[in-house]
Protein chains: 2
Amino acid sequence: MYRAPVEEIAHTLKKVAGLDNAIAQGRFGDLSDDLVDAILEEAGKFASTHVAPLLEIGDKHGTPLKDAEVTMPPGWKDVYQEWISSGWNALTGKEEFGGQGLPMMLAIATFEMWNSGSMAFGIGPTLTLGAIEALEAHATDDLKQTYLPKLVSGEWMGTMNLTEPQAGSDVGALRTRAERAEDGTYRIFGSKIFITYGEHDLTENIIHMVLARLPDAPAGTKGISLFLVPKFLVNADGSLGARNDVFCSGVEHKMGIHGSPTCTMIYGDGFAKGRDPGALGWLIGEENRGLACMFTMMNNARLAVGIQGVAVAEAAYQKSLAYAKERRQMRAPGWTGEGMSPIVEHPDVQRNLLTMKGLTGAARSIAYACAHALDMAKTGTGDDARHWADRANLLTPVAKAFSTDIGVDVASIGIQVHGGMGFIEETGAAQFLRDARIAPIYEGTNGIQAIDLVQRKLPLDGGEHIKAYIAELRAVAEAVTASNSADFGDTGERLQAGLDDLESTSVWLQQALAKGEISEAYAGATPYLRLFGLASGATYLAKGALGGENAGRTALARFFAENLLSETSALKDRVIHGAASLLGARSALAS
Amino acid sequence: MYRAPVEEIAHTLKKVAGLDNAIAQGRFGDLSDDLVDAILEEAGKFASTHVAPLLEIGDKHGTPLKDAEVTMPPGWKDVYQEWISSGWNALTGKEEFGGQGLPMMLAIATFEMWNSGSMAFGIGPTLTLGAIEALEAHATDDLKQTYLPKLVSGEWMGTMNLTEPQAGSDVGALRTRAERAEDGTYRIFGSKIFITYGEHDLTENIIHMVLARLPDAPAGTKGISLFLVPKFLVNADGSLGARNDVFCSGVEHKMGIHGSPTCTMIYGDGFAKGRDPGALGWLIGEENRGLACMFTMMNNARLAVGIQGVAVAEAAYQKSLAYAKERRQMRAPGWTGEGMSPIVEHPDVQRNLLTMKGLTGAARSIAYACAHALDMAKTGTGDDARHWADRANLLTPVAKAFSTDIGVDVASIGIQVHGGMGFIEETGAAQFLRDARIAPIYEGTNGIQAIDLVQRKLPLDGGEHIKAYIAELRAVAEAVTASNSADFGDTGERLQAGLDDLESTSVWLQQALAKGEISEAYAGATPYLRLFGLASGATYLAKGALGGENAGRTALARFFAENLLSETSALKDRVIHGAASLLGARSALAS
């Protein structure tokens with residue numbers, strides 16, 4: 001069973017991602033080191049004792065739909081209610097709406113724990129958080145007063161409604177209609193698919209954030225507006241009123257995260273009789289500016305999905321390590337104990353476990369660094385705020401895609417460590433892979449993230465931001481070398497080599513874009529993002545090792561630098577020399 | 001739905017793996033090019049029209065157990081009966097037992113097709129084939145006459161019973177007992193787990209090949225004997241007699257291949273009343289020499305599992321390519337068509353599809369080359385036979401592990417190409433990953449294969465065999481360069497660089513073994529095996545491109561050489577420089 005790695009999480013937050021500095025700068029008010037520890041400790045307990053037991057139950061029972069109502073798996077509602085009672089949903093909410101106003105870094109750290117316990121549980125509050133952020137940033141005061149207190153507390157949950165059958169990655173292709181009503185509200189008509197937590201019985205009300213198109217809207221992404229559509233209308237006194245005309249018509253049968261209901265939602269199809277047709281909706285932000293509002297939700301959701309990759313990797317690693325210490329087969333070279341050795345003693349199994357742990361730690365560092373940048377941007381002003389906003393923007397696609405890719409990889413290695421038992425569902429190792437496999441897809445596929453990184457993030461601050469970022473990482477590599485510690489082996493020079501690869505590919509891609517070689521740049525996007533993740537993750541692991549005496553941390557940073565990081569040279573080659581043979585091979589896909 | 005790539009399979013057999021040469025040498029009697037084509041064509045039809053429709057049914061229905069009897073999924077028995085009626089099970093069997101005596105190359109090619117249709121279906125006959133080979137090589141004439149005709153025809157199926165809870169990779173730890181009876185037969189007592197097709201209703205009888213230990217046997221692997229234990233005893237006239245005391249007590253709930261019953265088998269527990277206790281068994285080969293007999297089955301089973309990796313990769317690729325040509329989202333760079341472009345036009349999707357196709361083709365080539373070596377060894381004598389036996393031994397772990405690793409990778413990429421639809425079970429993309437995930441585990445985990453490659457295969461012929469193999473591959477690279485074809489781009493020099501990496505790591509590992517640095521050598525085993533697979537697979541793809549005019553083949557070989565093959569430098573680095581930081585990082589696994 002999962003045990004939250006509280007010490008490792010705290011160390012990464014403080015020594016790697018920048019929490020110590022931010023507290024020292026007074027960025028987070030009276031937040032103290034002790035309070036951080038106490039919060040993490042409590043969250044860890046809740047995740048281990050309450051959330052983790054939901055994992056298998058959710059997988060087994062799923063979320064059956066009957067008469068447009070979804071029943072969550074046994075025990076889930078109780079845990080959710082206890083979870084919000086303990087204030088976990090309100091961590092980052094504004095204090096005026098009942099939130100605790102704590103940094104995103106802490107929220108992301110706790111999200112890691114909920115998701116390690118159960119990804120299907122963790123994804124629900126992720127979407128509520130997105131709705132809260134969109135409302136905080138763009139809604140009228142009336143809407144804020146009506147909805148935010150209950151969303152912040154978690155008494156109600158939120159959803160994001162983007163996807164339609166013809167509009168997946170291409171949100172501009174959506175067709176859901178919104179019509180203006182005379183009273184300033186709107187009527188929504190259409191259907192959405194793949195709506196996570198679109199319907200469930202965890203909360204009395206569900207607040208849908210829905211992208212739709214006004215009759216006179218321009219085509220494409222510039223004609224999309226964002227609407228708030230509650231499941232139940234809310235009376236002036238805050239009590240629940242009539243059922244709105246939005247219903248769940250189907251729940252997907254998925255490979256994993258069975259405890260998370262993935263719904264088809266029908267808006268304005270007249271299921272709720274006796275009223276004017278259409279689902280009642282309220283505009284968020286301005287008409288036709290819905291995509292900008294949605295990005296407020298989506299950027300943080302991308303980071304939150306990234307942390308799901310870290311979370312499932314951590315859980316898979318823990319289970320595999322425990323198994324490898326217990327299971328005995330054969331005698332490892334040099335084994336002097338009685339009988340067969342635990343398989344953790346076999347070098348090949350050690351490679352698997354170290355790879356799992358290294359990738360998990362690297363991805364965690366990147367995700368936390370991204371959360372840190374969001375906090376710094378929020379607490380800064382002027383150039384400082386802009387710098388940190390750029391940093392958050394730069395790291396978001398990496399935090400999303402690198403973490404979720406390694407989530408799949410690590411879960412798959414975890415099955416391998418278990419041998420035949422890994423393929424048996426009761427063991428639980430297989431579920432991690434089934435659950436993890438969605439994260440590289442939702443909230444923007446990892447291919448989309450990679451293109452976003454190349455197309456929109458490399459040019460930040462005229463290309464200066466990525467330069468400065470790499471320079472910061474190089475300073476860590478130099479500090480490793482300067483430490484003169486034999487335990488680091490070749491870590492310092494390995495990091496510099498990886499950062500050389502990151503720098504030269506960054507320059508190459510920027511030049512390709514400048515020359516209008518768009519296909520060539522996009523062809524290299526996915527290998528570039530992985531290179532970015534490996535090089536920065538390796539550096540963060542070393543930074544963590546420098547940040548505190550711990551033989552294990554140094555050994556892991558060295559293993560990463562001397563084993564996993566060597567992949568960057570191949571990735572660089574793919575970016576810089578791979579495009580011609582890729583773009584020229586369309587004929588190989590003829591049949 | 002899967003369509004067998006008959007032309008590609010035939011080309012790989014003939015021009016890459018060596019079938020043309022073997023036929024020209026008269027190795028395969030009167031087997032003609034036309035007959036090969038006809039067999040492949042017919043197998044392809046059967047796989048597409050009969051086997052592939054079983055895929056989803058098997059996944060959905062599984063193989064329920066009731067009162068020790070397993071019911072196969074709807075329709076499976078009919079297809080199996082038609083499959084054996086068409087003679088597909090008898091392809092390689094000896095003619096004296098009703099077989100067609102055809103080469104293993106053809107069997108492996110058809111196994112690829114059955115497994116592309118349904119891995120859960122394909123694995124059953126794989127085990128029957130193993131039983132046939134063990135009996136042909138080691139059984140008494142009486143046993144051969146009694147069992148081989150019906151196993152060759154497929155009227156009965158066979159199983160392999162190795163694993164016990166404490167004896168997985170370490171077969172020497174098994175405890176199942178065999179006691180000598182006065183009439184020369186044996187009584188078997190004990191239980192086995194993870195027995196594929198251990199019980200089912202496809203055939204009237206099931207012939208179990210069971211490893212067990214005699215009371216006076218030495219400990220470990222030198223005290224294991226192999227027994228034939230039929231589900232139903234066979235009367236002198238060939239009719240079925242009494243039910244033997246071997247029963248299925250459980251069927252595993254697995255991540256994938258739900259149509260393949262994975263059984264716990266209980267021997268001699270008295271389920272069959274009114275007889276002496278113990279399951280009746282007949283010795284195969286000599287007492288205490290069972291492991292050697294088992295390896296006869298296991299080597300070919302490893303190749304056959306390897307082809308499962310190829311098979312599921314091919315099926316996943318086909319489904320993804322079809323989806324990518326159909327699905328439209330956004331406008332790819334340079335797209336001049338109406339509206340959104342098919343996603344196959346996006347460079348990042350092309351990278352995914354080309355990676356899928358390239359890895360599949362590379363793995364196919366290696367597996368077929370291994371089958372070819374088996375055929376050459378069988379049809380040769382003296383040094384020639386020894387050379388080809390060495391070649392088969394060298395390639396078997398690569399054919400098993402590289403192919404099944406890429407099977408998982410390719411199936412996972414296939415989900416990604418499908419976007420959100422990939423995670424929905426009805427699409428079928430997810431099932432390929434769930435099915436594929438077992439293949440790196442069973443028949444010896446891929447970690448075991450890698451160690452086998454390093455420990456037992458590199459030293460073949462005093463280390464000369466691997467040298468000669470690399471020299472053969474270099475000749476292909478030289479031919480590519482000599483072709484002076486611009487379409488190949490840098491393929492020739494890229495291949496040489498990959499082969500340089502293969503050569504230097506091979507030498508390094510041999511030296512490590514010679515110095516007694518066993519842990520260091522084992523630490524590099526997995527990256528070495530992948531390097532071996534990439535370098536030889538890339539070379540085979542180029543050989544295939546040289547072997548016939550086809551723009552797509554050349555483009556794919558170039559893509560592989562210029563994109564995927566660059567990984568060899570990182571893998572080489574892991575082998576040669578990675579061991580110290582790996583073996584020194586035990587402290588990172590402390591908690």
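Biologist: How many residues of domain 1 of chain A are in contact with domain 2 of chain A?

Modeller: Happy to help! In this predicted model, 20 residues of domain 1 of chain A are in contact with 22 residues of domain 2 of chain A. Together the two domains bury about 1,900 Å², with 60% of that on carbon and sulfur atoms.

Biologist: What makes A:Arg364 and A:Glu112 a salt bridge?

Modeller: Their side chains meet at 2.8 Å, N to O. The cut-off is 4 Å between a side-chain nitrogen of Lys or Arg and a carboxyl oxygen of Asp or Glu, so a pair that meets it is called a salt bridge. Between domain 1 and domain 2 of chain A the count is two salt bridges, alongside 11 residue pairs in polar contact.

Biologist: Which helices each supply at least two residues of the side of domain 1 of chain A that touches domain 2 of chain A?

Modeller: Those are α4 (54–61), α6 (104–117) and α7 (119–138) of chain A. The largest share, seven residues, comes from α6(A).

Biologist: Now to the two chains. How do you know how chain A and chain B are related?

Modeller: A rotation of 180° with 0.0 Å of shift along its axis superposes chain A on chain B, and the RMSD is 0.0 Å. The two copies are thus related as by a two-fold rotation axis.

Biologist: And why do you say that the copies meet through the same surface?

Modeller: Because 100% of the interface residues of chain A are also interface residues in chain B.

Terms used: Residues are numbered from 1 along each chain as its sequence is written. Chains are lettered from A and ligands numbered from 1 in the order in which they are written. This is a predicted model: local features need pLDDT of at least 70, side-chain atom pairs count only at pLDDT 80 or more; totals for chains, interfaces and linings use all residues. Side-chain values use heavy atoms; hydrogens and water are left out. Copies are superposed by least squares on the C-alpha atoms of residues with pLDDT of at least 70 in both. Contact means heavy atoms within 4.5 Å. Buried area is the accessible area (1.4 Å probe) that two parts lose on being put together, summed over both. A polar contact is a pair of N or O atoms within 3.5 Å; within protein, one must be able to donate a hydrogen and the other to accept it, and residues adjacent in sequence count only if both atoms are side-chain atoms. Helices (H or I, at least four residues) and strands (E, at least two) are DSSP runs, numbered from the N terminus.
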